[in-house]
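Biologist: Please take a close look at one part of this model, the strand hairpins and the sheets, and then relate that part to the rest of the chain in a single connected account.

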Amino acid sequence: MANYPAIAVERLTRSYGARRGVIDLTFQVQPGEIFGFLGPNGAGKTTTIRVLMGFLRPTSGSARIFGLDCWGDATQVKERVGYVPGDVRLWENMTGEQFLDFMAAFRARIDPKRRQMLLERFRVELDRPIKQLSRGNRQKLALVQALLHDPPLLILDEPTSGLDPLMKHEFLAFLVEERERGKTIFLSSHELAEVERVADRVGIIREGRLVAALPIEELRRRRTRPMEVVFAQPIDPRQFADLPGVRVLAVENSGTRFQLGVQDNLPALLRRLSELPVIDLTYAPPDLESVFLAYYQPEHARVGEEDL
Ligand SMILES: Nc1ncnc2c1ncn2[C@@H]1O[C@H](COP(=O)(O)OP(=O)(O)OP(=O)(O)O)[C@@H](O)[C@H]1O
């Protein structure tokens, strides 16, 4: 197992009839990595994950997990994977406890200490029928179910959706600990900030194609964050022309409102702004758009092989 990549996707295409799902994806995830899989709604994250889990057959190309074919060896693949689906559906009339026992029955052996640790850590409600649980509490149950058998690979489709900020934080911290224990984690998300907190590398998918796969430091360096600055009087856009890493994206309100793209060089930009009559400033937190600003040009959606 150790000699294989945890995940190896090779020229994978999966269509739904004439509709695209994913097109010509190639990437690998190495054992012990947290790989963030980022993309907006409809980009193809769930389709990729459903192929990895052996629920969908590739139209062409292949997907392997620890060297096993995700379609042909689906049973063996599932033994090695903990999976949280994007749309968590549980057995509504069972209690949390009954559900976990039921799922555990499919697994070779579950360490009761691990079960206890997970239940305490995620404060799962065990006694009520699942249909009475809130969305976040259902999600927590799905997470615990995926982690129970201590699999070497976790495949998580937007696992933090529905969790409150504290629990989200706790869960992401837990993923980092699991990585320290040598586990591999494939984490799909449309939230850049959450992926940045934990991932070693990210793959970025848009409109079914992989735009880039790169280390997180590289992504941080390359992304462009939007800044909006409002001035008391019109400003000449050439004020920013000599600042490398800063772009003027738009000038509005007769030259008083600027949309800037900041890739780098924040100190130099702040020095320049301090000399100007700034009355308001918004620096948006890093989001997916800030990556696409740097990466994505609709007319050539793919970057060079060196990024893969
Ligand atoms: N069962 C299906 N039949 C037809 N088209 C589908 C089906 N499932 C997905 N698609 C299409 O495949 C594309 C990728 O969808 P997918 O669910 O993989 O995206 P996603 O990145 O997971 O999006 P989200 O963040 O919204 O969950 C979309 O254009 C979607 O409409």
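**Hairpins, sheets and their surroundings**

Modeller: Strands β1 and β2 form a hairpin with two residues between them, and Gly 17, which sits in that turn, has a positive phi of about 60°. The model is a predicted one, in which local features need pLDDT of at least 70 and side-chain atom pairs count only at pLDDT 80 or more, while totals for chains, interfaces and linings use all residues. Residue numbers start from 1 along each chain, following the sequence as written. Strands (E, at least two residues) and helices (H or I, at least four) are DSSP runs numbered from the N terminus, and two strands pair if DSSP finds at least two bridges between them.

In this first hairpin, β1 covers residues 7-16 and runs antiparallel to β2, to which seven bridges join it. Within that pairing, Ile 7 of the hairpin stands opposite Val 29 in β2.

The hairpin also leads to the ligand, which is surrounded by 13 residues, the closest being Tyr 16, Asn 41, Lys 45, Thr 46 and Thr 47; a residue counts here if its C-beta atom, placed from the backbone, lies within 6 Å of the molecule. Two elements, β2 (19-29) and α1 (45-52), give two or more residues to this shell, and the largest share, three residues, comes from α1.

A separate open sheet has six strands in the order β6-β7-β8-β3-β9-β10, with mixed pairing. Its edges are β6 (81-84) and β10 (209-215), each of which pairs on one side only. On average, and with direction ignored, neighbouring strands of this sheet are turned by 15° against each other; such angles run from 0 to 180 degrees between N-to-C directions, and axes are lines fitted to C-alpha atoms, for helices over the stretch in contact. Inside this sheet, β3 (residues 34-38) and β8 (residues 184-189) pair in the parallel sense over five bridges, and Phe 37 stands opposite Ser 188 in β8.

The other open sheet is made of four strands in the order β12-β13-β11-β14, and here the pairing is antiparallel. The edge positions belong to β12 (246-252) and β14 (278-283), which each pair on one side only, and the neighbouring strands are turned by 20° against each other on average when direction is ignored.

Reading across this sheet, β12 and β13 pair in the antiparallel sense over six bridges, with Val 246 opposite Val 262 in β13. The two strands β12 and β13 also form a hairpin, this one with four residues between them, and Asn 253 in its turn has a positive phi of about 50°. Next, β13 (residues 257-262) is joined to β11 by six bridges, and the two run antiparallel; Val 230 stands opposite Arg 257 in β13 along this pairing. Strand β11 (residues 225-231) in turn pairs with β14 in the antiparallel sense over five bridges, where Glu 228 stands opposite Thr 282 in β14.

For the chain as a whole, the division is into domain 1 (1-80 + 153-160 + 179-222 + 296-308) and domain 2 (224-285), with bounds that come from an automatic or database domain assignment. The C-alpha centres of domain 1 and domain 2 lie 36 Å apart.

Beyond the strands, three helices can be described through their packing. Helix α4 (residues 112-122) packs with helix α5 (residues 135-147) at an angle of about 155°, their axes being 10 Å apart, and α4 and α5 are therefore roughly antiparallel to each other. Helix α3 (residues 96-104) and α5 have axes that come within 10 Å and cross at roughly 25°, so α3 and α5 are roughly parallel to each other. In these terms, angles under 35 degrees count as roughly parallel, over 145 as roughly antiparallel, 65 to 115 as roughly perpendicular and the rest as oblique.
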